[in-house]
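Open the model in your viewer and keep a selection panel at hand. We will go stop by stop, from the overall layout down to single atoms and back out to the strands.

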Amino acid sequence: MEMTARSPSYYTATIAEESDYPVCQGSHEVDIAIIGGGFTGVATAVELAERGFRVAIVEQNKIGWGASGRNGGQVTGSLSGDEAMRKQMRQHLGDDVDDFIWALRWRGHAIIEERVRRYGIACDLKHGHLHAAMKPAHMDELRASFDEARARGMGDDVTLLDQAGVRDHLQSDLYVGALKNTRNLHLHPLNLCLGEARAAHGLGALVFEHSEVLEIVHGDRPAVITRNGRINAAQVVLAGDVYHKLEPAKLAGKIFPAMGGIVTTAPLGELARTLNPQDLAVYDCRFVLDYYRFTADGRLLFGGGANYSGRDSRDIAGELRPCIERTFPQLKGVQIDFQWSCAMGIVINRIPQLGKLSSNVWYCQGYSGHGIATSHIMGEIMAEAVSGTLERFDTFAQCRHVRVPAGRLLGNPLLAAGMWYYQMLEKLR
Ligand SMILES: Cc1cc2nc3c(=O)[nH]c(=O)nc-3n(C[C@H](O)[C@H](O)[C@H](O)COP(=O)(O)OP(=O)(O)OC[C@H]3O[C@@H](n4cnc5c(N)ncnc54)[C@H](O)[C@@H]3O)c2cc1C
């Protein structure tokens, strides 16, 4: 059987405890079978296992193999499609829509912090982000976010910084200002995902690796089929994001892969502290943005750009080095120790896609590059839904989504054109 190992990265080189779950063989009976061992699948499993359900996670490669184990590690308070959500959900929620979205925006942080504490997950969890403005127009957005946070009682967590204020936090001349947010988090995402899977396993969940689900059999008691095994369940949750090809009649053309690249430098020693004394995670205000932070061992972990063609053919270090040197000229010629890329699931209107494929088969996917907090929120919502509380699930499920005919064939060129258009608008601001 072909087994896909992890794709090498800084994260795989610093795994706290590698997973070693069995291949799914023979027949199993559970309450809920979950397809996909990324944050969505694993977070849903933890929620359900904590509620006493017998759960199975079925992962085609390794736990955290996809975007969950390869991302920037920045836990932001953005759901990506906040504005589109506000418009569509107003029909469903009326005047409560703003409160609903605001509460949701911070819910993932609370779940992650509580879970890390409860299960003792070592994942370098830290507080503090700078959302940085590269031109005055960006400051208007940041000021609006600042005002909203203060009006909603989060004033202690946010500070609006001018150019000199940014320089007190970051040895970079690139920014005209920034919004500092100390509620936001950053962490080692692969170690979080592995730690949560361990927690679910400890609560009795079955976890299978190297077990691709080839088919979902619908019926009164649905089943997921792997090459050597079968799991019968009362309900199934499909959490394969952009990596699965299951249920094409209902799901093809709804979500598209964009490739993102990340590098980490050699450890920088004292220089890391000098460049970023408060150890904040940083991202800028552009539509296609740079994002970075320092790792626990003092490397700069830097991500940027995104390739919306869906193809992965880039010299990542070659592309990101100029961005690093523009941000921190002090790092000219710095050694790059790791580089990797990964697909993220992009949804055209940027609203997470939650729905049902039949009466007892559910899916949840598509956080458009803002998935660490969102996947944990969705894990909670999916667990609520399969155990009978549908309110928040329905709020998402009733949102309309653009579906591109001919799916992946036509979808990515269209997406690439759309992204080019947004980047042009960005340049005009
Ligand atoms: C380069 C990059 C940087 C990012 N940076 C950030 C960031 O800083 N902050 C942030 O909030 N978000 C970030 N994201 C987004 C975030 O990582 C994702 O939104 C999130 O991890 C998605 O989680 P998931 O569990 O839904 O999907 P995934 O983590 O992709 O997991 C899906 C899993 O399903 C498995 N699977 C698929 N099909 C099958 C099948 N048939 N059978 C069995 N298993 C299957 C896959 O192998 C995979 O492991 C980034 C993404 C990328 C790619």
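Domain bounds here come from an automatic or database domain assignment. The model you are looking at is predicted.

**Stop 1: the two domains**

Colour the chain by domain: select 1-125 + 187-254 + 350-398 for domain 1, and 127-185 + 256-346 + 406-429 for domain 2. Taken over C-alpha atoms, the centres of domain 1 and domain 2 lie 25 Å apart. Now show the contacts across the boundary: 42 residues of domain 1 touch 39 residues of domain 2.

**Stop 2: the shell around the ligand**

Keep the domain colours and select the residues surrounding the ligand; there are 37 of them, and the closest are Thr40, Glu59, Ser68, Gln74 and Ile372. Both colours should appear in your selection, as domain 1 and domain 2 each provide at least three residues of this shell. Recolour by class and you will find 19 polar, 15 nonpolar and 3 charged residues.

Which elements should you switch on as cartoon here? Try helix H2 (39-50), strand E15 (336-346) and helix H11 (371-386), each of which supplies at least two residues of the shell. The top contributor is E15, with 3 residues.

**Stop 3: polar contacts with the ligand**

Zoom in on the ligand and show sticks. Start at Glu59, where a polar side-chain atom is 2.7 Å from an oxygen atom of the ligand. Next, pick Gln74: one of its polar backbone atoms lies 2.7 Å from a ligand nitrogen atom. Then move to Val213, which places a backbone N or O atom 2.9 Å from a nitrogen atom of the ligand. Switch on a surface before you leave: of the 1,000 Å² of accessible area that the ligand has on its own, the protein covers 98%.

**Stop 4: strand E1 and its partners**

Hide the surface and select strand E1, residues 26-35, together with strand E10, residues 229-238; the two pair in the parallel sense over 9 bridges. To find one of these bridges, label Ser27 and its partner in E10, Arg230. Add strand E2, residues 55-58, which also pairs with E1 in the parallel sense, over 4 bridges. Here the residue to label is Ala33, which stands opposite Ala56 in E2.

**Stop 5: a hairpin to finish**

Finally, select strand E16 (residues 353-358) and strand E17 (residues 361-365), an antiparallel pair joined over 5 bridges. How many residues lie between E16 and E17 in this hairpin? There are 2 between them. For a last label, choose Gly355, which faces Tyr363 in E17.

Key
Residues are numbered from 1 along each chain as its sequence is written. This is a predicted model: local features need pLDDT of at least 70, side-chain atom pairs count only at pLDDT 80 or more; totals for chains, interfaces and linings use all residues. Side-chain values use heavy atoms; hydrogens and water are left out. Two strands pair if DSSP finds at least two bridges between them. A residue is near a molecule or strand if one of its heavy atoms lies within 4 Å of it. A polar contact is a pair of N or O atoms within 3.5 Å; within protein, one must be able to donate a hydrogen and the other to accept it, and residues adjacent in sequence count only if both atoms are side-chain atoms. Accessible areas come from the Shrake-Rupley method with a 1.4 Å probe; for residues, only the protein chains shown count as cover. Ala, Val, Leu, Ile, Met, Phe, Trp, Tyr, Cys and Pro count as nonpolar, Asp, Glu, Lys and Arg as charged, and the others, Gly among them, as polar. Contact means heavy atoms within 4.5 Å.
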